[in-house]
Amino acid sequence: TATALLQLFRNNAPVFTTRVIVGGRGRQTPEFEASIESVLFNPSWYVPPSIATSEILPKLRTNPGYLRRHHMIFRNGSVVQLPGPDNALGQLKFEMPNPYDVYLHDTPLKHLFNLNDRRQSHGCVRVQNPRQLAALLLREPIEAIDNAIALGYTHREFLANPVPIFIFYG
C-alpha cells in the first residue's frame, strides 16, 4: 500500500497535510523540485495528446456525443475540456513550471481519496483539500477562494512569493 500525502511547511513545521492521488503504474509521477507560482481558478484542461489518442478518440469513434457530454471541444487540433465542476482538473490548478508538465490540481473524483492505493492518475497530483491549500498559499481566507471560484471564469492569482515544492518517494 502506498501512502500519498502533501504537506505544507512554514518555519520548518507542517501546517497542513492532505491526501493526494499520484501517477499509477507505468505513469508514475516523476521526482523533482519546482516552485508553485500561481493558482488558476476554473481551469480548462488541455488533454495531453497521449490521453486524447489512447482514451478519448476511441470513445469518440463509438460515441459521437462523447465530447459534448464531457464539455470538451477541439481547439487548434487539441482536445480541451472547458471549465466547470466536472472538469478533470476540478476548479483549482496549482501552477509550478517544470520540465515534466506536472502540476497539482483539484478533481471531481473525490472518492479516489478513500482508496488505500492512491496511484490512480496519469502523473499529475490531485489534491484532496485544494481550497484549503489555495487559501494557505495565497494567504487569503477560504471564503475568498470560494468567491474566486464562484466567479465562474478562468483567472490566475500569483503567490506573493513562490513556494518550493519537492515531489519524492520515501
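Helices and strands here are DSSP runs, numbered from the N terminus, with at least four residues for a helix and at least two for a strand. With those labels in hand, let us walk through this predicted model, beginning with its open spaces.

Rolling a probe the size of a water molecule over the atoms shows where empty space is left. In this model the largest pocket has a volume of about 990 Å³. It is lined by 31 residues, and those closest to its centre are L6, Q7, L8, I165 and F166. Four elements give two or more residues to this lining: β1 (5-10), β2 (13-23), α3 (130-138) and β11 (155-167). Of these, β11 provides the largest share, with nine residues. As for chemistry, the lining of the largest pocket divides into 24 nonpolar, four polar and three charged residues.

Now turn to the second largest pocket, which holds about 800 Å³ of space. Here 34 residues form the lining, and W45, I51, A88, H122 and R126 are the closest to the centre. At least two lining residues come from each of β4 (45-46), α1 (49-62) and α2 (66-69), and α1 gives the most, with five residues. The lining of this second pocket divides into 16 nonpolar, 11 polar and seven charged residues.

Two of the elements just met, β4 and α1, also take part in the next stop on our tour, a small piece of sheet architecture made of three strands. The open sheet runs in the order β4-β6-β5, and its pairing is antiparallel. Why is one side of β4 and of β5 left without a neighbour in the sheet? Both strands stand at the edges and each has a single partner strand, so nothing in the sheet flanks the other side. Helix α1 packs on this sheet and touches β4, β5 and β6, while its direction makes about 115 degrees with that of β5.

Look more closely at the hairpin within the sheet. Strand β5 (residues 72-75) and strand β6 (residues 78-81) pair in the antiparallel sense over four bridges. One of the facing pairs sets R75 opposite S78 in β6. Two residues lie between the strands of this hairpin, and N76 takes a positive phi near 50 degrees there.

That backbone angle is worth a pause. Most residues other than glycine have a negative phi, and most peptide bonds are trans. Besides N76 in the hairpin, N42 has a positive phi of about 55 degrees although it is not a glycine. N42 is found in the loop between β3 (32-41) and β4. D101, which is not a glycine either, has a positive phi of about 55 degrees, and its place is in the loop between β7 (92-95) and β8 (104-105).

Are these two loop residues, N42 and D101, buried or exposed? N42 counts as buried because its relative accessibility is 5%, and buried means under 20%. D101 counts as exposed because its relative accessibility is 59%, and the cut-off for exposed is over 50%.

How values were computed
Residues numbered from 1 in each chain as written. Predicted model: local features only at pLDDT ≥ 70, side-chain atom pairs only at ≥ 80, totals over all residues. Heavy atoms only, no water. 1 Å grid on protein atoms, 1.4 Å probe; cavity = no way out; pocket = protein on both sides within 12 Å on 5 of 7 lines; lining within 4 Å. Points joined across faces, edges and corners; volume = space filled by probe spheres on them. Nonpolar A, V, L, I, M, F, W, Y, C, P; charged D, E, K, R; others polar. Pairing = 2+ DSSP bridges. Buried < 20%, exposed > 50% of the residue type's maximum accessible area, 1.4 Å probe, protein only. Contact = heavy atoms within 4.5 Å. Axes fitted to C-alpha atoms, helices over the stretch in contact; angles between N-to-C directions.
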